[in-house]
Amino acid sequence: MNTDIENLFKDKVIGHPAGLFVLFFTEMWERFSFYGMRILLVLFLTAPVLSDNPGWEWPREHALALIGTYASLLYLTPIIGGWIADKITGYRIAVVIGCLIMTLGHAAMALETTMTFYIGLALLVIGTGFFKPNITSIISEMYKDKESKKDGAYTIFYMGVNAGAFFGMMLCGYLAENYGWSWGFGLAGIFMFLGMLQFWLAGSLFGSVGAKPSKVYEVELSQNLNEESLSEEQKTSVDDKLNPFTMLDKVLIALSSVGGLLYLFNDPLEKIGGKSLVPFEIRGMNGSNIIVLAALVLFLVLLVNRISRYIPIVRDRIIAVSIFGLFTVFFFAFFEQSLGSMTLFARDYTNRTLVGGSAMVFKIIDALLTTIPLIIITWVLFLLSKKTFSRIGLSNIILAIAFVGIWYLVIFRLVNKFSEPGNEIEATWFGILNSFFIITLAPLFSRWWESKYNPSAAMKYGIGLILLGIGFAVLSYGASDIPSGAKTASVSIIFLILAYLFHTMGELCLSPVGLSYLSKLVPPRMIGFMFGVWYLAIAVGQKAAGTMGGMIDKISEQYSLGTFFLIFTLIPIGVGLISIVLNPVLKKLMHGVR
């Protein structure tokens, strides 16, 4: 076993190496900054210019077109960032580079000028590309030959993701909505910078784990992979060696990629700036739509061409993965309304002002929701410091400074809340519900998956999509009395809370399934390509979320807001039922893989 991995496992915190918790806190601060900034975007872009907290007063369609492109690119750049780390930098340096670039991005956005805003978004996209794939790769390398503990490690790491999202949306949202957008954007950058410092200063803890592999190691790894692929061929097929990427495959990848990226950039440019990178029409269809359809056709040709060259069993399994990928597009196209149309619904159509006893009850619940998780995480920090202070003391000090800052902001927010006679809930507050419900419900769903009642992959997808649709049904019912064209309303907060509950349960049905089944079903030669396809599916869903959410004004004016959410109810439920109906077919295509 690698000596550096052995050393990592000598100092343990809650049964896991201390290095895992360095990664936990790094991910926590990155998610704090990411979600803290992201939930502000739609509110900042659509806020009136003439108001106490002026924004840019963009039409909602324009704002969501930009946000859709931004969110989509966040799932495409990790494909490149992972490759750069593998070939050039190593995982740890890539994480530091990503953190630094994202810090600069947040700083640029805090200036609130048009140029720095777009520069900031670009830097965040690039930084995420370096950060996102590589911090999880470090965990994978740490737990090499310790597969039995890997599930627990990723569960702890996932808690860091949700803790960061929870506090980021709460605190950045609070400062941005009450004191100005720059405070929210700037706070996200400060904690991103502190997260980078504490990770960088803890580098000695990891030894060679996450460093760029040496040439000798690369040769050994290549030999091991060849041996592994040979045994895998005996189990499945000899097709892997006989199915390299042909020149046609590479041309199709290049053309479909260029076409997709052209559409991503052209869509907001066309809507916001009135300009087009493809200024032509064919029979009433504009150039942007023609380009994206052509890119989709070329990509399908590529996929079919690749799949057709495998033997029947392998081909069937890849077809199953492709179908799950299509369901993933539908899920994220609707689920990601949480940072678009649902945030607008929270701001403009929800009664967020509480008075009397209900205000006090909410303040108490809010205080408990905020302080209890923070106490637990602070206790983990204390345990980490006890184990590692002699080795990475400066990293621990930086982490402690960050936590002092968090505690100050939490107490500052709660004191202000309790000093108010009533209570006005920030629109961004509702975004924390997803993280809260994940943390509380994940253990229940984990037990379900480990029981004899564990449903098949297709059933999980179906249940997840149906739960997503039920969440929108709750919103549709809540908005049913809002007249056509209304710009404001006072719907009870209970409808948004229930919607987030159902959406989170839907997410818990899908999120453990996709990448797990992909790794089981796809042959070694194809797995890198299919991981790229999977991220592409999520990216397409993110862009579709922005496009569909941008129709909120058009549909609510022509019909009603209830009708808008009714559409978001029927389509996921319909697709979920299709997944359930296809269960026997998909089981057959998977050839015994569970």
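Student: Why is the crossing of α11 and α12 called left-handed?
Tutor: A crossing is left-handed if the near helix is turned anticlockwise from the far one by less than a right angle, and right-handed if clockwise. The crossing of α11 and α12 falls in the left-handed class. This is a predicted model; local features need pLDDT of at least 70, side-chain atom pairs need 80 or more, and totals for chains, interfaces and linings use all residues. Residues are numbered from 1 along each chain as its sequence is written, and side-chain values use heavy atoms, without hydrogens or water.

Student: What makes α11 roughly antiparallel to α12?
Tutor: Their axes cross at roughly 150 degrees and come within 8 Å. Axes are lines fitted to C-alpha atoms, for helices over the stretch in contact, with angles from 0 to 180 degrees between N-to-C directions. Angles over 145 count as roughly antiparallel, under 35 as roughly parallel, 65 to 115 as roughly perpendicular and the rest as oblique. So α11 is roughly antiparallel to α12.

Student: Which residues of α11 and α12 meet?
Tutor: On the α11 side, they include Leu248, Asp249, Leu252 and Tyr263. On the α12 side, they include Ser288, Ile291, Leu298 and Arg306. Contact means heavy atoms within 4.5 Å.

Student: Why is the pair Arg309 and Asp249 called a salt bridge?
Tutor: A salt bridge needs a side-chain nitrogen of Lys or Arg within 4 Å of a carboxyl oxygen of Asp or Glu. The closest N and O atoms of Arg309 and Asp249 are 2.6 Å apart, so the pair passes. Arg309 lies in the loop between α12 (287-307) and α13 (312-335), and Asp249 in helix α11 (residues 247-273), so the pair ties together parts that are 60 residues apart in sequence. Helices (H or I, at least four residues) and strands (E, at least two) are DSSP runs, numbered from the N terminus.

Student: How do you know that Asp249 is buried?
Tutor: Buried means under 20% relative accessible area, exposed over 50%, and partly exposed in between (1.4 Å probe, protein chains only). Asp249 has 0%, so Asp249 is buried. Its partner Arg309 has 27% and is partly exposed.

Student: What makes Lys271 and Asp267 a salt bridge?
Tutor: Their closest N and O atoms are 3.2 Å apart, so the pair meets the limit. Both residues lie in helix α11, four residues apart, about one turn of the helix. Lys271 is partly exposed at 26%. Asp267 is buried at 5%.

Student: Why does the pair Glu424 and Arg352 count as a salt bridge?
Tutor: The N to O value is 3.9 Å, so this pair qualifies too. The pair links distant parts of the chain, 72 residues apart: Glu424 is in strand β6 (residues 423-424), and Arg352 is in the loop between α14 (341-348) and β5 (353-354). Glu424 is partly exposed at 45%, whereas Arg352 is buried at 12%.

Student: How many salt bridges does the whole structure have?
Tutor: The search finds 15.

Student: How do you know that the span of α22 is close to the one expected?
Tutor: The expected span is 1.5 Å times one less than the number of residues. Helix α22 (residues 561-581) has 21 residues, which gives 30 Å, and reaches 31 Å from its first C-alpha to its last. Its buried residues include Leu561, Phe564, Phe568 and Val575.

Student: What makes Leu510 buried?
Tutor: Leu510 has a relative accessible area of 7%, so it is buried. Leu510 lies in helix α18 (residues 493-510). Among the residues it touches are Phe331, Lys460 and Leu465.

Terms used:
Lists of a residue's contacts leave out its neighbours within four places in sequence.
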